[in-house]
Amino acid sequence: MSINPMTQITSFDQLSQVGGVNSPSNPGVGSINEDKYSFANALTNAIDDVKTTQDAVMEEAYKLATGQTDNLHDITIASTEANLAVQLFVQIRNKAVSAYQELMNMNI
């Protein structure tokens, strides 16, 4: 494998020849889907993560209580993941409330 040396770009014309992030030579690379990074999507994903991790904790607790498993570390890991998901959701909510309060305090 050989590494090609970098050449210096001396003019704007040479820079445009390199190709941008969304150039035809790089289709889809760097293109940002705005819906993917929306606040509503982030909030929905956080809620889904909380639900998923809580379900995993309940499943592991059920397995432990019914004797289907004796791996205590599985329920510990699941409960820690659920705790982190809840903490993340609370922080997202706190940031949203803070942003809302800041917007309401602005003078127009």
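## A question to start

Which residues of H3 are buried? In this predicted model, the buried residues of H3 are Ile75, Ala78, Ala82, Ala85 and Ile92. They pack against H2, so a good way to read this structure is to look at H2 and H3 together, after a quick tour of the chain.

## The chain as a whole

The chain contains three helices and zero strands, and along the sequence this gives the pattern α-α-α. Of its 108 residues, 11% are buried. The accessible surface comes to about 9,200 Å², and carbon and sulfur atoms hold 58% of that area.

Contacts between distant parts of the sequence are well represented. Among the contacts with a separation of 6 or more, 45% join residues 24 or more positions apart. One pair that is distant in sequence is Ile47 and Phe89: these residues are 42 apart along the chain, yet their C-alpha atoms are separated by 6.9 Å.

## How far to trust each part

The mean pLDDT of the chain is 76, and 68% of the residues reach 70 or more. Confidence varies between the elements: helix H1, residues 12–18, has the lowest mean pLDDT, at 45, while H3 has the highest, at 91. Over residues 8–24 the pLDDT is below 50, and this stretch makes 11 contacts in the model beyond near neighbours in sequence.

A second stretch, residues 26–31, also stays under 50 in pLDDT, and here the model has seven contacts beyond four places in sequence. A word of caution applies to such regions: where pLDDT is low, the predicted coordinates should not be read in detail.

## Helix H2

Helix H2 covers residues 39–66. Its 28 residues reach 41 Å from the first C-alpha to the last, close to the 40 Å expected at 1.5 Å a residue. Within H2, the buried residues are Ala46, Val50, Thr53, Val57 and Glu60, and they pack against H3. You may notice how these positions are spaced along the helix. An α-helix has 3.6 residues a turn, so residues three or four places apart point the same way.

Ile47 also lies in H2. Is this residue buried or exposed? Ile47 falls between the two: its relative accessibility is 33%, so it counts as partly exposed.

## The salt bridge in H2

The structure holds one salt bridge. It joins Glu59 and Lys63, whose closest N and O atoms are 3.4 Å apart. Side chains of opposite charge can pair when their charged atoms come close. The two residues sit four places apart in helix H2, so about one helical turn separates them.

Both partners are partly exposed. For Glu59 the relative accessible area is 44%, which means it is partly exposed. Lys63 counts as partly exposed because its relative accessibility is 27%.

## The loop between H2 and H3

Just after H2 comes Gly67, which has a positive phi, near 80°. Gln68 is found in the loop between H2 and H3, and Thr69 lies in that loop as well.

Which of these loop residues is buried? Thr69 is buried, because its relative accessible area is 17%, under the 20% limit. Gln68, in contrast, is exposed, with a relative accessible area of 55%. Leaving aside neighbours within four places in sequence, Thr69 is in contact with Lys63 and Leu64, and Gln68 is in contact with Tyr62 and Lys63. Lys63, the salt-bridge partner of Glu59, therefore appears in the contacts of Thr69 and of Gln68.

## Helix H3 and the end of the chain

Helix H3 spans residues 72–104. It has 33 residues and reaches 48 Å from its first C-alpha to its last, close to the expected 48 Å at 1.5 Å a residue. Its buried residues, including Ile75 and Ile92, face the packing partner already named, H2.

Further along is a nonpolar patch on the surface, formed by Tyr100, Leu103, Met104 and Met106, with about 470 Å² of accessible area together. Met106 belongs to the segment after helix H3. With a relative accessibility of 49%, Met106 counts as partly exposed.

Terms used
Residues numbered from 1 in each chain as written. Heavy atoms only, no water. Buried < 20%, exposed > 50% of the residue type's maximum accessible area, 1.4 Å probe, protein only. Patch = residues over 30% accessible without salt bridge, like charges linked within 9 Å, V, L, I, M, F, W, Y side chains within 5 Å. Areas by Shrake-Rupley, 256 points an atom, 1.4 Å probe, with all protein chains shown as cover. Salt bridge = Lys/Arg side-chain N within 4 Å of Asp/Glu carboxyl O. Expected span 1.5 Å × (residues − 1). Contact = heavy atoms within 4.5 Å. pLDDT = per-residue confidence, 0-100.
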